Amino acid sequence: MKNVIFPHILSIFNKCDVCKINCADYTYNIKSNIYIGVVCCKSVDCKDYLLYSVEKTTKSYESLYNKYGKWISVIRTNGNKDSGWTINGDAYQEKENEPFWVEVIKPSEKIKKIIDLESIIEY
Ligand SMILES: [Zn+2]
């Protein structure tokens, strides 16, 4: 099995993440952070490999919603458990064996933060 491609910061100069030769034509963005994602060229092989990588390195908002529900609790920086948070996008891994990161927001306080998916507390 080849190494997967991890989501990274996108730039307009990106070459295909798979073949590293052709210009990027297709972009997969992380929902909640449009500046992070993966890119590939028109090649079907490159696109297949990219979608395989996306499946391994991201968890869709929909799947997180189905697992955790609308409202979650998180641990604040002061160590306290805090409720009233909601997941705000896809979770993604930046490197192998690292946590999946996800943006969460607290609408009542208009604050957001990026947390490790493992640190989410289900109701
Ligand atoms: Zn390519």
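**A walk through the fold**

Let's start with Lys67, which counts as exposed because it has 12 C-beta neighbours inside 10 Å. The cut-offs behind that word go like this: with C-beta atoms placed from the backbone, a residue is buried if 20 or more others lie within 10 Å of its own, exposed if 12 or fewer, and partly exposed in between. Lys67 sits in helix H2, residues 61-68. From Lys67 to Tyr92 is a step of 25 residues along the chain, and their C-alpha atoms are 16 Å apart.

Before going on, a word on what you're looking at. This is a predicted model, so local features need pLDDT of at least 70 and side-chain atom pairs count only at pLDDT 80 or more, while totals for chains, interfaces and linings use all residues. Residue numbers start from 1 along each chain, as its sequence is written.

Now for the overall plan. The protein chain has 2 helices and 9 strands, and reading along the sequence gives β-β-β-α-β-α-β-β-β-β-β. Both kinds of element are DSSP runs numbered from the N terminus, with at least four residues (H or I) for a helix and at least two (E) for a strand. Picture the C-alpha atoms in a box of roughly 50 × 30 × 25 Å along the principal axes. Of the 123 residues in the protein chain, 27% are buried.

The chain is assigned two domains, domain 1 (8-57) and domain 2 (61-119), with bounds that come from an automatic or database domain assignment. Their C-alpha centres lie 24 Å apart. Where they meet, 6 residues of domain 1 and 7 residues of domain 2 make the contact, a word used when the C-beta atoms of two residues, placed from the backbone, lie within 7 Å.

Take domain 1 to begin with. Here 3 strands form an open sheet, ordered E1-E3-E2 with antiparallel pairing; two strands pair if DSSP finds at least two bridges between them. E1 (8-9) and E2 are the edge strands, each with a single partner, so one side of each has no neighbour in the sheet. E2 and E3 run antiparallel and are joined by 5 bridges, and Thr27 has Val39 in E3 as its bridge partner. Helix H1 packs on this sheet, where it touches E2 and E3, and its direction makes about 140° with that of E3. For such angles, axes are lines fitted to C-alpha atoms (for helices, over the stretch in contact), and values run from 0 to 180 degrees between N-to-C directions.

What fills the largest nonpolar core? It has 13 residues, and those with the most contacts inside it are Cys16, Val18, Val38, Cys40, Cys46 and Leu50. Such a core is a set of buried Ala, Val, Leu, Ile, Met, Phe, Trp, Tyr and Cys residues joined through C-beta atoms within 7 Å. Strand E3 (33-40) and helix H1 (44-57) are the elements that give two or more residues to this core, and H1 gives the most, with 4 residues.

Val38 is a good place to look around. Not counting residues up to four places away in sequence, Val38 touches Ile5, Pro7, Asp17, Tyr28, Leu50, Ser53 and Val54. Tyr28, one of those partners, lies in strand E2, residues 26-30. Why is Tyr28 counted as buried? Because it has 20 C-beta neighbours inside 10 Å. Beyond its neighbours within four places in sequence, Tyr28 is in contact with Gly37, Val38, Leu50 and Val54.

Over to domain 2, where strand E8 (residues 100-106) pairs in the antiparallel sense with strand E6 (residues 81-87) over 2 bridges. Thr86 stands opposite Ile105 in E8. E8 also pairs in the antiparallel sense with strand E7 (residues 91-93), again over 2 bridges, and here Gln93 has Phe100 as its bridge partner in E8. E7 and E8 make a hairpin with 6 residues between them, and Asn97 in the turn has a positive phi of about 65°.

A further partner of E8 is strand E9 (residues 111-116), antiparallel over 6 bridges, with Val104 opposite Lys113 in E9. These two strands form a hairpin as well, with 4 residues between them, and Lys110 in the turn has a positive phi of about 50°.
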